[in-house]
Amino acid sequence: MPDTSTGSTGNTAVPSRRTVLAATAGLTAALTVSGPSYAAGDDRHLSALISRMTLEEKVGQLFVMRVYGHSATAPDQADIDANRKEIGVRSAAELVAKYRVGGIIYFAWAHNTRDPHQIADLSNGIQKASLDLPRGLPVLISTDQEHGIVARVGEPATLFPGAMAIGAGRSRADARTLGRIAGHELRAMGIRQNYSPVADVNVNPANPVIGVRSFGAGPRAVAALVAAEVAGYQRSGVAATAKHFPGHGDTEVDSHTGFPVITHSRAQWEALDAPPFRAAIAAGIDSIMTAHLMVPALDDSGDPATLSRPILTGILRGELGYDGVVVTDSLGMEGVRTKYGDDRVPVLALKAGVDQLLNPPDLDLAWNAVLKAVHDGELTEARLDESILRILRLKAKLGLFREPYVSHAGVDRAVGTRAHLAAADRIAERTTTLLVNENRLLPLSRRRHPKVLVVGADPASPSGTTGPPTGVLAGALSGLGFTASALSTGTAPSATAITRAVAAAREVDAVVVLTYNVSATSSQKTLVEQLVATGRPVVAVAVRNPYDVARLPSVPACLATYSWTDVELRAAARVLAGRVAPRGKLPVAVPRADDPAQVLYPIGYGLTY
């Protein structure tokens with residue numbers, strides 16, 4: 001067990017309430033508001049607070065920044081070195097002191113999320129570092145905890161199926177439960193803003209960046225699940241974030257590495273992309289994240305939506321009536337850096353209507369660029385005040401002025417509880433989708449199929465899950481009474497790996513083969529075909545995109561799990577073993593492999609037994 005005492009992280013103990021009151025300079029009583037009852041009349045207290053801020057402090061409030069380290073004050077030496085190289089500071093505490101940032105984003109790769117107690121200590125250390133400063137303000141700590149294939153906080157926190165799996169389950173109650181439980185756990189660790197749910201409608205099977213992160217391809221269904229998940233998160237006291245406005249569902253370019261262009265007409269955008277965002281706004285969404293892509297029908301300037309005033313101020317704020325916080329997607333992504341330099345991007349984003357500037361590649365450059373824009377008159381201080389007021393409203397609503405700190409006891413009461421883990425398992429069982437079941441091969445029988453080989457793709461497990469997927473599924477089947485073994489062949493199996501798998505298949509009674517994004521030229525197809533040729537019963541489990549089934553015409557049974565996290569693989573094992581019946585229905589259409597214009601399996605398709 002790691003030592004998660006405050007001493008081991010270099011953070012101090014949780015300060016007293018008296019300290020918090022003093023740190024907020026007597027304004028706490030005026031700002032002790034939380035939940036949906038927050039009144040617009042309290043703006044005068046927040047405006048008074050803004051009036052006392054220096055220009056440099058105002059600029060800092062607009063930024064949400066990454067920082068390396070498990071501790072706010074005593075990170076490991078490697079993290080100190082990374083911080084010095086990328087940000088020019090040693091630690092999170094120095095980051096807050098130097099730039100007065102309004103937010104910090106947690107990443108697993110930045111070593112922010114080792115375990116729940118450590119996360120809580122880091123959050124407390126960040127809050128204390130900020131509140132101890134003159135005119136110190138609480139920090140809005142955020143992360144990307146979408147669940148499924150994107151999660152920054154891993155076990156022992158509760159991990160749920162991802163969005164497309166929830167789409168297959170078609171239950172608004174399950175989406176709401178996911179948001180409520182996940183939000184409750186994040187809040188206990190000091191994370192008050194979650195960049196979820198994904199509100200993109202994934203109408204393009206070739207989408208390389210959204211895919212199973214979306215609830216599906218039906219705008220109305222996606223809208224209903226987005227609204228439900230938003231309600232769950234925000235009732236738990238965590239700000240939800242609908243992303244990526246105005247919609248990232250129909251692209252074949254990843255905005256992390258390129259500049260996507262969405263060719264929808266205005267009418268198509270209204271019908272396909274807009275409904276989930278309208279639903280999120282109607283549900284009271286606290287924040288909306290922008291997309292680094294171009295939609296010529298909405299703005300023909302050639303600018304990405306993140307920098308588009310017609311899209312963010314004209315459509316989002318004007319036409320859709322949204323007055324909450326607008327946050328950019330990461331400013332380190334190529335989609336927003338293609339046309340302008342890193343010094344211009346933050347300034348243009350603010351001019352477009354953005355409030356929070358997320359994770360610029362060079363904070364010093366971006367921070368000084370905004371400061372210079374105000375000094376030069378390109379941006380007014382009043383424009384900054386508008387965004388800061390929105391940010392402080394959100395901090396007040398989330399209770400950060402009243403209660404910025406968390407405790408180990410609170411973590412223990414909330415994170416990864418038996419009830420939460422059981423809820424995740426139940427939800428996962430309702431998402432597994434049976435697409436093919438020739439001659440009623442499934443469920444597998446312990447009498448007819450006592451020995452099972454689990455073979456196939458073993459993509460790197462999403463954050464904090466056990467993995468590898470073949471081992472997790474084999475272990476789950478063994479726990480259900482089968483004698484199961486695992487053999488990884490990878491996402492691009494070699495001829496040697498295929499030969500080894502075929503030989504192993506001849507020694508068992510049934511084979512389960514995990515597939516991962518099978519393409520027209522993928523050697524995964526060869527693996528499946530040769531396993532089927534052994535004469536052993538073969539079940540394919542598509543562990544990411546459900547479109548795999550179209551390229552596996554010879555397989556006699558096929559399931560879709562929409563992700564390869566432990567909770568979804570355990571649910572698949574229970575379906576394979578007949579402990580539960582498959583209940584999921586496709587939330588996207590699966591096109592034919594030989595003619596993508598034709599539908600092989602429509603939205604809503606799914607077998608059972």
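Reader: Which residue in S10 does Phe63 stand opposite?
Author: This is a predicted model, where local features need pLDDT of at least 70, side-chain atom pairs count only at pLDDT 80 or more, and totals for chains, interfaces and linings use all residues. Residues are numbered from 1 along each chain as its sequence is written, and side-chain values use heavy atoms, with hydrogens and water left out. Strand S1 (residues 63–65) pairs with S10 in the parallel sense over 2 bridges; strands are DSSP E runs of at least two residues, helices H or I runs of at least four, numbered from the N terminus, and pairing takes at least two DSSP bridges. Opposite Phe63 in S10 stands Leu357.

Reader: Which strands stand at the edges of the sheet?
Author: The open sheet has 5 strands, paired in parallel, in the order S6-S3-S2-S1-S10. Each edge strand has a single partner, so one side is left without a neighbour in the sheet. The edge strands are S6 (193–194) and S10 (357–358).

Reader: Which helix gives the most to the largest nonpolar core?
Author: A nonpolar core joins buried (under 20% relative accessible area, 1.4 Å probe, protein chains only) Ala, Val, Leu, Ile, Met, Phe, Trp, Tyr and Cys residues through side-chain atoms within 4.5 Å. The largest has 111 residues; Phe63, Leu95, Ile104, Ile126 and Phe245 touch the most other members. With 8 residues, the top contributor is helix H16 (residues 363–376).

Reader: Which residues of H13 make the contact with H12?
Author: Contact means heavy atoms within 4.5 Å. H12 brings Arg266, Trp269, Glu270 and Ile281. From H13 come Ile315, Leu316 and Glu319.

How values were computed. Buried < 20%, exposed > 50% of the residue type's maximum accessible area, 1.4 Å probe, protein only.
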